[in-house]
Amino acid sequence: MENSTMLEEMALRALDEIACSKAMTELEEIRIRTLGKKGELTGALRSMKDIPEAERPPFGKRINEIRDQLTEALDKKILEIKQADKVVRLKEEAIDITLPGHKQRIGGLHPLTRIYYEIRDIFVSMGFEVMDGPEVEYDKYNFEMLNIPKDHPARDMQDTFYVSNDIVLRTHTSPVQIRTMLKQDPPIRMICPGRVYRSDDVDATHSPIFNQVEGLVVGRGISFAHLKDTLDRFLKEFYGEATKTKFRPGHFPFTEPSAEVDATCAKCAGKGCGVCKGTGMIEVLGCGMVHPSVLKGCGIDPDVYTGFAFGLGLDRLATIKYGITDIRLLFENDIRFLSQFK
Ligand code: DAH
């Protein structure tokens, strides 16, 4: 067949294919096949040497026209396909803003954490420092240096988890008093929150793990009056200004004298109810003047310095404050219970 006829047919076929193609890859194939370095148009240019010289200029011109025509058709089609793709993509990515959203559950602080933060803020505002101590503790700090020697009957008060002969899970936060006095000279004014352990069976009022906040003040001329006023002030800040306090004689081996403190029942405001068993008052903490031999054991001269200490049960304060009747609720982490404290 004549070269120019072949050229025209090739051009028509390519234009037809371009018009029908639906994907960029197809267009790229057509481009390479027709306009590429080894493509059909280049082939046609090469074949010029085989045609009579007079026909060469119009043939060459026609090749250039076809090249422009194909290039234009390809560019137009590429644009069309890109636009069509965009329409599809926009449709796919469309967001139905009328759909209801997923509700985010907002967490809250655990009631024990809330209570602790309140207590901490009150004592920090009075100039107390917050200390920390280990839960796995030396027998020496948990008992002996607190005036509770081995075989002392006072150990019966606290059923202890022993890790070894000399190491226990602390039964109270009081060993942090010892740690503080060993490393810090008076004046000392600190509180220490933390978990404590006793081998109690679990019931509505007992748990083998519970939480305390310890307090210690040591300095020159610290008296029982300071102890009374500090704890009275604390309980008024915590339960409300109308709160009354009552200091009853008590006994702790590491304090002398010792006292147990009752505060106006938060539930009935002193009228008498089930929580306070009709007395209008409820026991909230233990305290006393640091025993001279405890001071001495920590290298503090009891003739120069005196101090007071107190310990309160965080779980107890939380159950009283929130009217919680079963202490287990504080440890089971049931979301239905916890989500009420926000
Ligand atoms: N450690 C005592 C307990 O767990 C509480 C306590 C009482 C701590 C009197 C004190 C204190 O610091 O002075 O029962």
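Tutor: A polar contact is a pair of N or O atoms within 3.5 Å; within protein, one must be able to donate a hydrogen and the other to accept it, and residues adjacent in sequence count only if both atoms are side-chain atoms. This is a predicted model, where local features need pLDDT of at least 70, side-chain atom pairs count only at pLDDT 80 or more, and totals for chains, interfaces and linings use all residues. Residues are numbered from 1 along each chain as its sequence is written, and side-chain values use heavy atoms, leaving out hydrogens and water.

Student: How far is a polar side-chain atom of E214 from an oxygen atom of the ligand?

Tutor: Start with the neighbours: E214 is one of the residues that come nearest to the ligand. "Near" here means having a heavy atom within 4 Å. For E214, the distance from a polar side-chain atom to a ligand oxygen is 2.6 Å.

Student: And which residue has a polar backbone atom 3.3 Å from an oxygen atom of the ligand?

Tutor: Don't pick Q177, since there an N or O atom of the side chain lies 2.9 Å from a ligand oxygen. The backbone partner at 3.3 Å is F310.

Student: How much of the ligand does the protein bury?

Tutor: Use accessible areas, from the Shrake-Rupley method with a 1.4 Å probe (for residues, only the protein chains shown count as cover). Taken alone, the ligand exposes 350 Å². Of that, the protein buries 91%.

Student: How do the residues of the shell around the ligand divide?

Tutor: Ala, Val, Leu, Ile, Met, Phe, Trp, Tyr, Cys and Pro count as nonpolar, Asp, Glu, Lys and Arg as charged, and the others, Gly among them, as polar. The shell has 16 residues. They divide into 5 nonpolar, 9 polar and 2 charged.
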